Amino acid sequence: MTDGVTEEDRVRLAPGVMLRQDRVRGHWQLLGPERVLILDEVALEVVRAVTAQPQTDQPPVTVGMAIGALAAQFDAPRDEIAADVLELLGDMIAKGFLTR
Amino acid sequence: MTFCGATIGLEPPLALLAELTHRCPLRCAYCSNPLALDPASRELDTAAWCRVLDEAADLGIIQVHFSGGEPTARKDLEALIAHATAAGLYANLITSAVLLDRARLERLRNAGLQHVQIGFQDTQPAKAELISGFPGGQAKKLEVARAVTDVGMALTVNAIVQRHNIDRVDDFIDMALELKAGRIEIANVQYYGWALKNRAALMPTREQLVHMDERVRARLPELKGQLVVDYVVPDYYAKRPKACMGGWGRKFLNVTPSGSVLPCHAAETIPGMTFDRVTERPLADIWANSAAFQRYRGTDWMPQPCRSCDQKEIDWGGCRCQALALTGNADNTDPVCDLSEHHGLLAEIAAEDGGTAEAPITYRSFSL
């Protein structure tokens, strides 16, 4: 059983999951064991933000830090996007594409 | 959407099942390989498989499933995985695990392998080995499963469910958790090939299926976010057919050890089919134009009640091989559908073969 994702969590791609652009169809997708999740533009930016490769001398980003970066990137109110991002991440964790 | 021999509107396939070999040290009574197996001398060589993988990637395939038989019996598996990965394909390995060890798993991982799916015949060694005919198999599988996650790859436990193990579905789930698998496939045996031959020895009773179904559904909430559960509901007790292979010739193709290209791995059981070979025709041409793929693609081939059914582009008429196995004609509506005139057959077979009497098991064998 998993509780909801919080801003203090750090998430990463689950074992066997990779982010890749489909070279025939053009869209971005997460590929995992026997499964594919097609990402729209928003979902792609969220995945990139939460799995951002940190500097080697810094800890990995938290979900909260990623939300801050997305708010800045899209010039959107932080509160508005936070709930959407947390819901999206919860869904991707439930489907086994991301892990905490 | 109709195809009518043209490629307009035809979407590229998503997945390739690459059956590298029919050789296998196990002799599972439920094996879905054909009764007439390809001998090693007819297997495609490394260069031919590499060309198939390149053509598959160009065609739009995104995942390749290296399977068999036992794919690790091929010494060139590392080379094929490396080639697939370089071509941009996501590589899965479908294995019995009994020929693997940690050193080879590391080599496969380094070649680009992402995911290993290990088939388990039971949770109890003696019972597992009754089905596989392979002494010592269970301990080896557990050892290899642990090494898979240890070296950083994703692990799926494939629980192949039939009468003799169906009451232990909870144990299968617990085993998957203990092995740190990310995914479990709870797959009720599909009765083709060797499994059809052994249906009387393998088919569970309705009571067993109801109990299993309750147990799986009861466990799902606690597993969310921890273990992905792919659960294949048994056909013989269903009311609507599955969209077999996501629809014939819509998403999937299968290349046999000797290079025949099939719309599904059991398609060779259908009489009157002709299959093109990767050694004679490009894969893209086969996908678009091969007679085998055209035969049941789309909806034009459908008889009634499918033709006028509003589900026809959801279940695509169900499974051709099952229609054949049960009604004697692959052109019929899958009798799993309760709108089929043959639906009553399922209850008869389930009552007859799903009985509790102990029927003898015929082990898969190579008779060349």
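**Exercise 1. Find which residue of β2(B) stands opposite B:Glu19, then place β1(B) in its surroundings.**

*Solution.* Start with the bridge: B:Glu19 has B:Ser67 of β2(B) opposite it. Before going further, a note on the ground rules: this is a predicted model, where local features need pLDDT of at least 70, side-chain atom pairs count only at pLDDT 80 or more, and totals for chains, interfaces and linings use all residues. Residues are numbered from 1 along each chain as its sequence is written, chains are lettered from A and ligands numbered from 1 in the order in which they are written, and side-chain values use heavy atoms, with hydrogens and water left out.

Next, the pairing. β1(B) runs parallel to strand β2 (residues 63–67) of chain B, over five bridges; strands count as paired if DSSP finds at least two bridges between them. Helices (H or I, at least four residues) and strands (E, at least two) are DSSP runs, numbered from the N terminus. Strand β8 (residues 252–255) of chain B also pairs with β1(B) in the parallel sense, over four bridges, and there B:Phe252 is the bridge partner of B:Ala15.

Last, burial (under 20% relative accessible area; exposed is over 50%, partly exposed in between; 1.4 Å probe, protein chains only). Five of the five residues of β1(B), residues 15–19, are buried, so the strand is largely enclosed by the rest of the structure. One face has B:Ala15, B:Leu17 and B:Glu19, the other B:Leu16 and B:Ala18, and all are buried.

**Exercise 2. Work out the strand order of the nine-strand sheet in chain B and say which helices lie across its strands.**

*Solution.* Write down the order: β7-β6-β5-β4-β3-β2-β1-β8-β9, an open sheet with mixed pairing. Now check the ends: β7 (228–232) and β9 (261–262) of chain B each have a single partner strand, so one side of each lacks a neighbour in the sheet.

Zoom in on one pair. Strands β5 (residues 154–161) and β6 (residues 183–188) of chain B run parallel, joined by six bridges, with B:Val161 opposite B:Asn188.

Then add the helices. Helix α5 (residues 137–150) of chain B lies across β4 (115–120) and β5 of chain B, at about 160° to β4(B). Helix α9 (residues 206–223) of chain B lies across β5, β6 and β7 of chain B, at about 160° to β7(B). For angles, axes are lines fitted to C-alpha atoms, for helices over the stretch in contact, and values run from 0 to 180 degrees between N-to-C directions.

**Exercise 3. Describe how α1(A) and α2(A) cross, and what α1(A) packs on.**

*Solution.* Get the geometry: the axes of helix α1 (residues 41–50) and helix α2 (residues 63–74) of chain A come within 9 Å and cross at roughly 135°. The two helices are therefore oblique to each other. The contact (heavy atoms within 4.5 Å) involves A:Glu45, A:Val46, A:Ala49 and A:Val50 of α1(A), and A:Ala66, A:Leu70, A:Gln73 and A:Phe74 of α2(A).

Now for the sheet: three strands of chain A form an open, antiparallel sheet in the order β2-β3-β4. Its edge strands, β2 (18–21) and β4 (35–39) of chain A, each pair on one side only. Five bridges join strand β3 (residues 28–32) of chain A to β4(A), and A:Gln29 stands opposite A:Ile38. To finish, α1(A) packs on this sheet, touching β2, β3 and β4 of chain A, and its direction makes about 110° with that of β4(A).

How values were computed:
Angles under 35 degrees count as roughly parallel, over 145 as roughly antiparallel, 65 to 115 as roughly perpendicular and the rest as oblique.
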